[in-house]
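Q: Please take a close look at one part of this structure, beginning with a single residue and then working outward to the elements around it. A connected account, with the reasoning made explicit, would be appreciated.

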Amino acid sequence: MGVKPVDSAPGAGKTIVTQMSPNWITSRLDFLANWARANSLWPMPFGTACCAIEFMATAASRFDISRFGMERLGYSPRQADVLLCAGRLPFKLAPVIKRIYDQMPQPKWVISMGACASTGGIFDTYAMTQGIDTVVPVDVYVPGCPPRPEALLYGILLLHKKIRGETMVDKAIREEEILSRGGLRLPPEFVDEVSEPFGNSVHQTRSA
Amino acid sequence: MRREFGDKIGRALESCGDTIVYVDAGRARAVLAWLKETPDQEYNYLTDITAVEYRDAELPMEVVYLLFSLRRKVQLCVKIALPKDGDLEVDSVVPLWQGANWLEREVFDMFGITFRDHPDLRRILMWETYSEGHPLRKDFPLRGRLSRSEQVRRALHANPEAHYSMEELSIAESFNDLPEDMRQRLAQGERDRIPELGGAPGDG
């Protein structure tokens with residue numbers, strides 16, 4: 001891994017290390033950094049609908065996300081590392097959440113909370129993005145309409161698990177996403193495909 | 001009312017406890033002003049302005065004014081029928097009720113009915129460069145006219161700060177003290193240029 005043979009170079013048969021390979025030092029450092037990161041996440045709540053109420057309940061004393069290191073809610077994207085989209089995202093807010101995500105410093109993660117944020121939910125209409133993953137990359141999807149606080153906490157624990165598996169060797173996970181010249185982060189066909197109606201909304205096409 | 005305006009008043013009926021009066025489009029503002037200011041009418045509170053389009057294509061569109069008299073505690077519903085083949089245009093009632101400003105903008109945004117002499121007739125719910133039409137019209141598809149990817153692309157290139165007029169930002173008088181880039185953004189008005197589709201991904 002990370003080593004490629006060079007054929008045409010003088011002294012054929014030698015190998016040149018092109019990138020850092022995982023070893024004992026990196027894995028120990030990873031463990032330390034990931035342990036620190038996972039247990040001191042600062043969420044940036046982006047609450048647009050009823051999921052935000054459940055998020056408030058999660059943050060309040062009964063469920064208390066500070067048990068999982070989220071003591072402080074970062075209401076400034078520059079001081080946060082988890083973007084927590086709680087609620088539907090209309091097209092009018094798409095550039096807003098994109099800008100908030102771009103303003104957050106690395107390392108950063110995104111939790112999509114609820115059916116509407118993840119898929120558009122019941123709002124299969126002209127005004128709603130069909131899932132925030134068409135706008136920003138998402139790490140954890142929490143299903144539910146709205147999800148109970150336990151579900152959100154489980155999503156946060158899954159995010160902890162994901163963070164603990166990250167490694168500094170893989171530079172790609174810290175790369176900023178840049179919009180392609182087409183103006184989307186995903187190929188247009190892919191966006192169309194994930195936005196296809198499914199389930200009950202297939203049947204509501206009377207005027208479409 | 002009939003005594004005052006004669007044949008400019010159409011049919012009047014009572015439906016589900018509401019009194020509904022149909023008014024000729026050309027005289028609507030005069031009728032509404034009369035209803036607001038005449039002492040024994042005194043419909044001084046404008047509850048809402050909305051519009052109706054019926055599924056039956058023959059029926060005209062209607063602009064609906066819901067009036068309320070704060071002193072007499074009675075409601076009145078005034079409707080203007082607009083044939084669909086005509087120009088969908090009525091007089092603005094902003095001179096009578098300042099609060100009609102945003103209500104009329106909403107009706108314009110959702111139904112495409114224009115209000116003559118409106119001080120600031122722009123879209124209010126959809127963004128200003130929204131080009132797919134008027135969403136509450138019966139011929140508007142539920143999911144919009146464009147493909148989902150095109151909708152996301154256009155939305156992503158919106159300028160979120162450009163939805164407000166100078167008055168709404170209440171910084172009009174301090175315009176010259178603003179930083180240069182913000183002045184440019186405000187002067188530019190709407191959003192940035194939308195890039196053409198079809199470039200290689202990742203090289204933007």
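A: In this predicted model, Trp102(B) is classed as partly exposed because 14 other C-beta atoms lie within 10 Å of its own. That number falls between the two cut-offs, 12 or fewer for an exposed residue and 20 or more for a buried one. Trp102(B) belongs to helix α3 of chain B, which spans residues 100–111. Its C-alpha atom is separated by 30 Å from that of Pro179(B), a residue 77 positions away along the chain.

Chain B also contains a helix with a clear buried side. In α2(B), residues 28–37, the residues Val31(B), Leu32(B) and Leu35(B) are buried. Viewed down the axis of α2(B), these buried residues are confined to an arc of 95 degrees, so they line one face of the helix. The general basis is helical periodicity: with 3.6 residues a turn, residues three or four places apart point the same way.

The strands of chain B may be described next. Strand β5(B), residues 74–82, runs parallel to β2(B), residues 18–23, and four bridges join the two. Within chain B, Tyr22(B) is placed opposite Lys79(B) of β5(B). β5(B) also pairs with β4(B), residues 61–69, here in the antiparallel sense and over nine bridges. Leu66(B) has Cys77(B) of β5(B) as its bridge partner. β4(B) and β5(B) form a hairpin with four residues between them, and in the turn Lys73(B) has a positive phi of about 55 degrees.

Chain A has six helices and six strands, arranged along the sequence as β-β-α-β-α-β-α-β-α-β-α-α. Of its 208 residues, 34% are buried. When contacts between residues at least 6 apart in sequence are considered, 75% of those in chain A join residues at least 24 apart.

An open sheet in chain A consists of four strands with parallel pairing, in the order β3-β4-β5-β6. β3(A) and β6(A), the latter at residues 140–142, are the edge strands, each paired on one side only. From one strand to the next, the twist averages 15 degrees. β5(A) is joined to β6(A) by three bridges in the parallel sense, and Ile111(A) has Val140(A) in β6(A) as its bridge partner. Helix α2(A) packs on this sheet, touching β3, β4 and β5 of chain A, and its direction makes about 145 degrees with that of β3(A).

Strand β5(A) is also parallel to β4(A), with five bridges between them; Ala86(A) stands opposite Met113(A) in β5(A). Five of the five residues of β5(A) are buried, so the strand is largely enclosed by the rest of the structure. The burial extends to both faces: Trp109(A), Ile111(A) and Met113(A) lie on one side, and Val110(A) and Ser112(A) on the other.

Helix α2(A), residues 51–59, has four buried residues, namely Cys51(A), Glu54(A), Phe55(A) and Thr58(A). These residues sit on the same side of α2(A) because they cover an arc of only 105 degrees around the axis. Their cover includes strands β3 (43–47), β4 (82–86) and β5 (109–113) of chain A, as well as helices α4 (115–119) and α5 (149–164) of chain A.

The packing of α2(A) against α5(A) can be specified further. Their axes are 9 Å apart and cross at an angle of about 75 degrees; the two helices are therefore roughly perpendicular to each other. From α2(A), the contact involves Glu54(A), Phe55(A), Ala57(A) and Thr58(A), while α5(A) supplies Pro149(A), Leu152(A) and Leu153(A).

Finally, the nonpolar cores may be considered. The largest has 48 residues, of which Leu83(A), Leu84(A), Cys85(A), Ala94(A), Ile97(A) and Met113(A) touch the most other members. Strand β4(A) gives the most to this core, with five residues. Leaving aside residues up to four places away in sequence, Met113(A) touches Cys51(A), Phe55(A), Leu84(A), Cys85(A), Ala86(A), Val142(A), Pro147(A) and Leu152(A). A second core, separate from the largest, has 26 residues, including Val23(B), Tyr65(B), Phe108(B) and Met110(B).

How values were computed. Residues are numbered from 1 along each chain as its sequence is written. Chains are lettered from A and ligands numbered from 1 in the order in which they are written. This is a predicted model: local features need pLDDT of at least 70, side-chain atom pairs count only at pLDDT 80 or more; totals for chains, interfaces and linings use all residues. Two strands pair if DSSP finds at least two bridges between them. The arc is that of the directions from the helix axis to the C-beta atoms. Two residues are in contact if their C-beta atoms, placed from the backbone, lie within 7 Å. A nonpolar core is a set of buried Ala, Val, Leu, Ile, Met, Phe, Trp, Tyr and Cys residues joined through C-beta atoms within 7 Å. Axes are lines fitted to C-alpha atoms, for helices over the stretch in contact, and angles run from 0 to 180 degrees between N-to-C directions. Angles under 35 degrees count as roughly parallel, over 145 as roughly antiparallel, 65 to 115 as roughly perpendicular and the rest as oblique.
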